[in-house]
Amino acid sequence: MRFALETDPKRARTLPFVAVWLILLLLGGLSLWAAFLGLGMWTPAVQSGIAAIQTALVFTVFMRLKGEPSLKWVFAVGGFLWLSFLFGLSMTDYSSRQGWPTMYDPSGPSYQLPRHSP
Amino acid sequence: MSVTTVERVPQGDAPVSAEPNYLTAEHTVASWLLTKDHKRIALLFFASITFFFFIGGIAATLMRLNLATPGGLLQPAVYNRMFTMHGIIMVWFFLIPSIPATFGNFFIPMMIGAKDLAFPRINLASWYVFNLSGLVVLYALIMGGANAGWTFYTPLSTVYANGYVFAAAFAVFINGFSSIMTALNFVVTIHRMRAPGMTWMRLPLFVWAIYAVSVVMLTATPVLAMDTFLLAAERFMGIGLFDPNHGGDPLLWQHMFWFYSHPAVYIMILPSMGVVSEIIPCYARRPIFGYAGMTIALMSIAILSFFVWAHHMFVAGISIYSAVFFSLMTFFVAVPSAIKVFNWTVSLHKGRIVFDAAMLYALGFVLLFTLGGVTGLMLATLAVDVDVHGTYFVVAHFHYIMVGATVSAFFGALHFWWPKMTGRMFPESWARFAAILTYVGFNLTFFPQFILGYLGMPRRSYTYPAQWQSWNLLSSAGASILAVAYLLPLLYLGWSLIWGRRAGANPWGATGLEWITASPPPPHNFERTPIVTLDPYAYDPETGGYTTQEGTLHAG
Amino acid sequence: MPDSAVLRPDLQYASLAQQGETAELGMWVFLVNETLFFGALIFIYFIYRLTYPHEFAVAARDAVLWCGSVNFVLLLTSSLTMVVAINAAAQGERRAMVCWLIATAALGCAFLGVKGFEYYLDYQDEVVPVVNYLSKPGEGRAGELFWVFYWIATGLHAIHLMIGIGLVLYVLAWKIPRGKITPAYYTPLEVIGIYWSFVDTVWLYLYPCIYLVGRS
Amino acid sequence: MYRWIPFWPKTAAVTAIPVNNLYVAELVLSALIMATVVAMMLTFCVRYRRNSDASRANLTEKSWHFEVAWTTATLAAFLVLFVWGASIYIWLYQAPRGDEEIYVVAQRWMWKIEHPGGQREIDALHVPVDKTIRLAMASADVIHSFFVPAFRIKHDVVPGTIETLWFQADKTGTFFFACTQFCGVQHATMQGKVVVMSAPDYARWLTEQGVQESLAQQGEELFRARGCSGCHDPSSTVHAPSLFGLYGTIVHLQDGSIRLADEAYIHDCILNPRSFTVAGYPPIMPDFSGQIDEGDVLKIIAYIKSLGGAQETLE
């Protein structure tokens, strides 16, 4: 526990934090580079992936989740999990709201009623 | 284990404790306004939400008065503002904070054996923020009210509606901070501040319910906050993200709004489920049936509530695939609710049932919740929803859940915990009369609306074709009975504050930790930190005795 | 260095350790809420970018890339200095802690400075919806949606950063001189550090959303 | 008596019948559930009241068998309802080609109806009996919702897009329709009558309206006046997609996605062409958003539909 009077060993060294900082900057540079590559629709995907890796680094190292009780992990991950509900479930609508070819073929004969007609 | 024999409800005055309680420890106004005591903050919240309950109630009374005749009484614009303000005030200023901020605030620390919530200052700040948002909504109301409906559908709310939509939306935005602060406090408190021996599976179901509801508040409210923030910005600046004239999608507002507001329905109902799970075992004098199943049901409702929001949008023009998915999810969320109804009912089996006021409210809750639930199933069925969506059927359905069930549970909690909060007993026969009157008045008011809904009467209409008058008249008559039933407790509970008998520490013979301390409790709840040795609800129907969670046996 | 014995837990806690753990948990729970708050905004962006990919690419080309990139570096660096300051607090190196905290606040202010200058450039470039907006060829009506998002997102982020700077200054001016931050109990600093890094994380997402669109 | 205490709405369309049947089934199920709960509660309350001397021995505190059985039974019943409701919904919400294709513009606080022949009416909708009617609905301002209780159909009319809905009335008569999405001060009066007539009556009614030109002809005029024909006319030298036989086909867009060319698609293409660039064509079409009202868009759509559907393309 870091509340002991002796100093916290996890807090003794600065070098690992500097290393992570460098990695984060490099990843940022990578994201910037990817923007100029012309990957088309893959660009946002690559950039989101990079941002996710950066987030994981910031959370575990800078925000010191590493080695913390699982309860904090639950809350740290929970926010993103709930966000994925918002993104994921609303895509059920946005991916197919309009103009998706449906089961009914509108070019078919117009007099034929679909099922359920009495 | 010590054994003492007590009368179940002691007659005559209990002895007055010499120790100061939380009400008498300090007397200055500042000691109330700057208090960090969760019990005093609960009472402050109680005052605020009671005020808003009656403001919202006045709006409802005017609406029912207007609908008693097809021609109406109010100007159309006034009627529209009334139902909008009724919705906004009742949802955000009464129902959402109703049980958590008052009974939750008061009893969560006591039930888990803590001296206070984790962050008392944040708790107090929550009350101030709530009142600030209340002032803003009152400003909107006094200046003439908003008339966009409580759902603020764009582009009506952003471009077309006149009135104080900006102020109303902003009030909702600020109100969200209050919810979040309260919820954060509960989550952290329940995780960190439990007394020794109070394991998760020994928590009273009310604590579980408040925990579930806090998780929902924490994860749903920020989305609404962003949504209303953007709405207010759009209204204020004239350009925004939901305006079809700028390429925006009005359905995006609805998606985000219901991502909050469907879980918000569970924010309103989950605490009532917790309350009823406390009341039924205590008055049936037997352990709750299926405790573990109840906790699983509570948590699964909390999580599943996020998977069903678009069932408010089946006719709104979302993709049919999406509608099918959300309909299926809605049926899934109904399963844990069905389990709960079943467990409450079976919890009466082989009990030793006492029909006190709190129990009558709880039984009323179960029935109204079940009727609200089965009509919810009808609304979850896609084809039927297409027909009854946006009609009085929906109005009746959600009033059964949010008013019938939640307000019944609120009054049940009020009667159950009144002796603990004030140290006084209320006149039992009056309370029973009020409970029955509530049930009768409620059904008279809202059952005819199901019929009106299937007949096709659109909601939010100030006028209607004359052939529907009979049902509307019946509904208005019921509303007047309901109004009396809601006002009655104010009178006799107020009376009891001064003339009521003094309650002992545990007038109902209940097992929770909140009952082992004096009534009203001392400033820091307990003389010493309780040590929990037992599951909750250790009632014995064979003898009528019970054992508190500390392990003290009281023979019947 | 003041003795830790002067610090007592608040009434409702059994020990300082419990109080510290609880405060940190409180911040993490709060961050759930912040994640969803900013997440909801990015969700709107996500939907509209899917709907209007071409318009967004054209509109976003006017975003000032160098400002965003410089700010990216500034903010990440401030996160590092914050962590180093907490390390110093844990070791009881009071002087180093104060210095690194001042550096953190300064970097935060530098971020706001660059941001302010960028807003000025944006105004010159006529990309301020309502106030001063000129629709560029090819961006259609949806281009304005991008800029509404830009102003709201960066504005809210800046407000969060200002709160962070305020908290750091509060610790510097109030807590440290009164000996309330000790190697035995530096939780207030730790909690602020978590918040600070979270505000940094938000920028990790806003940066590609705003500055790295339509560059190729 | 029935006039003053009505219990059940009329059922006057083929769309209404399955919905009504499902509703009755659910009512019965709901009544059964309520009766079970009430019966259990009453029995227990009487038998185990405080002063009764019924035995309380062998108390069950939990029984997984019971709970699992109850849960499975409810889930199974719910799934039946789900499948039943969803299958009708999918049928209701995929509008087929109609015998009559009628255009509806919702505007605060009236319903403007335009028949393909150019006949116009407000807050009234005349349709022939036993014919499939397809409604293409647009909103000029806020969200409205078109609801005919006797037909059990409803759909929101969202600004910025076109929604379609269909029905086939099977009884003649006059039926009430209303807006069910709150749309402002006079929302409650945004109502009208569907008049279902026999085929000869309907034909007579159409001719009595004294109309000069059909909707498609009006649309064609707009098509020329707005300059659409400059590029989309077959004789044009500009490389623009042909609109002959477009309606009802599958269109491949530049970004790789595919869309069905229905009313909503044509509407989106007119107002926001950049997001719907057809594969193989340059993105040169100007943006008509804010320059053309929804009624005119509907006329142009009627014209484009009159240029033939998918079948003609094959010939």
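Among the elements of chain A, helix 1 (residues 15-35) of chain A has the highest mean pLDDT, 94, and helix 3 (residues 70-94) of chain A the lowest, 92. Here pLDDT is the predictor's confidence in each residue, on a scale from 0 to 100, and helices (H or I, at least four residues) and strands (E, at least two) are DSSP runs, numbered from the N terminus. This is a predicted model, where local features need pLDDT of at least 70, side-chain atom pairs count only at pLDDT 80 or more, and totals for chains, interfaces and linings use all residues. Residues are numbered from 1 along each chain as its sequence is written, while chains are lettered from A and ligands numbered from 1 in the order in which they are written.

Taken as a whole, chain A has a mean pLDDT of 78, with 72% of its residues at 70 or more. Residues 1-6 of chain A stay under 50, and the model gives them 9 contacts beyond four places in sequence. Residues 100-118 of chain A are also below 50, with 33 contacts beyond near neighbours in sequence. Two residues are in contact if their C-beta atoms, placed from the backbone, lie within 7 Å. Where pLDDT is low, the predicted coordinates should not be read in detail.

Now for chains B and D. Here 74 residues of chain B are in contact with 75 residues of chain D. Several helices of chain B each supply at least two residues to the side that touches chain D, among them helix 3 (76-111), helix 8 (250-284) and helix 14 (428-455). Helix 10 of chain B gives the largest share of that side, 13 residues. Chain D also meets chain C, with 6 residues of chain D in contact with 7 residues of chain C.

The table sorts three contact sides by residue class. Ala, Val, Leu, Ile, Met, Phe, Trp, Tyr, Cys and Pro count as nonpolar, Asp, Glu, Lys and Arg as charged, and the others, Gly among them, as polar.

| Side | Nonpolar | Polar | Charged |
|---|---|---|---|
| chain B, touching chain D | 46 residues | 22 residues | 6 residues |
| chain D, touching chain C | no residues | 3 residues | 3 residues |
| domain 1 of chain D, touching domain 2 of chain D | 7 residues | 4 residues | 1 residue |

The domain assignment, automatic or from a database, splits chain D into domain 1 (1-46 + 63-212) and domain 2 (215-314). Their C-alpha centres lie 31 Å apart. The contact takes 12 residues from domain 1 of chain D and 14 residues from domain 2 of chain D. On the domain 1 side, strand 5 of chain D gives the most, with 3 residues.

Chain D also has some neat strand pairing, where two strands pair if DSSP finds at least two bridges between them. Strand 1 (residues 100-107) and strand 2 (residues 110-114) of chain D run antiparallel, joined by 5 bridges, and the hairpin between them passes through 2 residues. D:Q107 has D:M110 as its bridge partner in strand 2 of chain D. Strand 2 of chain D is also antiparallel to strand 3 (residues 120-122) of chain D, with 3 bridges. That hairpin has 5 residues between its strands, and D:G118 in the turn has a positive phi of about 100 degrees.

Finally, chain C has 6 helices and 2 strands, in the order α-α-α-α-β-β-α-α from the N terminus. Its C-alpha atoms fill a box of roughly 70 × 30 × 30 Å along the principal axes.
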